[in-house]
Amino acid sequence: MRLLGRRGTISERSGPQSPPVTMEARVLWLLVVVLVLGSSSLAVAYQGLATNLCEVPPKDRVDCGYPEITSEQCVNRGCCFDSSIHGVPWCFKPLQDTECRF
């Protein structure tokens, strides 16, 4: 395609040109990628509660789940899972953590 330029000269264009990518756009895309990767790694990083918080005597367990809950579903709710004792909740609330963390 031939176009007449500002000074009366003929210039060639091979097709539509995209606008230049600005530094702000690159930074924005980088931020989006970092946030997506960071959030997915946080989901994987959560492995459950400390073992000592799940040492609740069977008679003191408070149900935290529902029938047929899996250990993964239970832990994702922030609860403890122990299916070794029948007749008591397998998914139950942990002991209260009284340690302060800063």
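Trainee: Why does Cys74 count as buried?

Mentor: This is a predicted model, and in it Cys74 has 0% relative accessibility. Buried means under 20%, so Cys74 qualifies.

Trainee: What about Cys91, buried or exposed?

Mentor: Cys91 is at 2% relative accessibility, so it counts as buried.

Trainee: How do you know that Cys74 and Cys91 form a disulfide?

Mentor: Their sulfur atoms are 2.1 Å apart, and the cut-off for a disulfide is within 2.5 Å. So the pair makes it onto the list. As for handedness, the angle about the S-S bond is 95°, and the link of Cys74 and Cys91 is right-handed. Cys74 sits in helix H2 and Cys91 in strand E4 (residues 91-92), so this link ties together parts that are 17 residues apart in sequence.

Trainee: How many disulfides does the structure hold?

Mentor: Three. Another one joins Cys54 to Cys80, with 2.0 Å from S to S. That value is within 2.5 Å, so the call is a disulfide again.

Trainee: What makes the Cys54 and Cys80 pair a link between distant parts of the chain?

Mentor: Look at where the two ends lie: Cys54 is in the loop between H1 and helix H2 (71-76), while Cys80 is in strand E3 (residues 80-81), 26 residues apart. The link of Cys54 and Cys80 is left-handed, with -80° about the S-S bond.

Trainee: Why is Cys54 called partly exposed, and what is Cys80 called?

Mentor: Cys54 is at 24% relative accessibility. Partly exposed runs between the 20% and 50% cut-offs, so Cys54 falls in that class. Cys80 has a relative accessible area of 1%, which is under 20%, so Cys80 is buried.

Trainee: And which cysteine is joined to Cys64?

Mentor: Cys79, with an S to S distance of 1.7 Å. That is within 2.5 Å, so this pair counts as a disulfide too. Cys64 lies in the loop between H1 and H2 and Cys79 in the loop between H2 and E3, so the bond ties together parts that are 15 residues apart in sequence. Both Cys64 and Cys79 are buried.

Trainee: What pattern do the disulfides follow?

Mentor: Count the bonded cysteines along the chain and you get 1-5, 2-4, 3-6.

Trainee: Switching to charges, how do you know that Asp82 and Arg61 make a salt bridge?

Mentor: Their side chains come to 2.9 Å, N to O. A salt bridge needs that distance within 4 Å, so the pair passes. Asp82 lies in the loop between E3 and E4 and Arg61 in the loop between H1 and H2, so the contact ties together parts that are 21 residues apart in sequence.

Trainee: Which classes do Asp82 and Arg61 fall into?

Mentor: Asp82 is at 24% relative accessibility, between 20% and 50%, so it is partly exposed. Arg61 has a relative accessible area of 9%, under 20%, so Arg61 is buried.

Trainee: How many salt bridges does the structure hold?

Mentor: Two. Besides Asp82 with Arg61, there is Asp60 with Lys59, where the closest N and O atoms are 3.4 Å apart. That is within 4 Å, so it counts as well.

Trainee: Why is Lys59 called exposed?

Mentor: Lys59 is at 71% relative accessibility, and exposed means over 50%, so the label fits. Its partner Asp60 has a relative accessible area of 40%, so Asp60 is partly exposed.

Trainee: Now the aromatics. How many aromatic pairs does a search of the whole structure find?

Mentor: One.

Trainee: What makes the pair of Phe81 and Trp90 edge-to-face?

Mentor: The ring planes are at 80°, and over 60 degrees counts as edge-to-face, so that settles the geometry. The ring centres are 6.5 Å apart, and the cut-off is within 6.5 Å. Phe81, with a relative accessible area of 27%, is partly exposed, and Trp90 is partly exposed with 34%.

Trainee: Which residues make the nonpolar surface patch?

Mentor: Leu28, Trp29, Leu31, Val32 and Leu35, and the patch is about 540 Å². Take Val32, which is in helix H1 (residues 23-45). Val32 is at 35% relative accessibility, and patch residues need over 30%, so Val32 clears that bar.

Trainee: Last one: what is noted about the phi of Glu68?

Mentor: Glu68 has a positive phi of about 70° although it is not a glycine. Glu68 lies in the loop between H1 and H2. With a relative accessible area of 78%, over the 50% cut-off, Glu68 is exposed.

Definitions and conventions
Residues numbered from 1 in each chain as written. Heavy atoms only, no water. Patch = residues over 30% accessible without salt bridge, like charges linked within 9 Å, V, L, I, M, F, W, Y side chains within 5 Å. Areas by Shrake-Rupley, 256 points an atom, 1.4 Å probe, with all protein chains shown as cover. Helix = DSSP H or I, 4+ residues; strand = E, 2+ residues; numbered from the N terminus. Buried < 20%, exposed > 50% of the residue type's maximum accessible area, 1.4 Å probe, protein only. Phe/Tyr/Trp six-rings, centres within 6.5 Å; stacked < 30°, edge-to-face > 60°.
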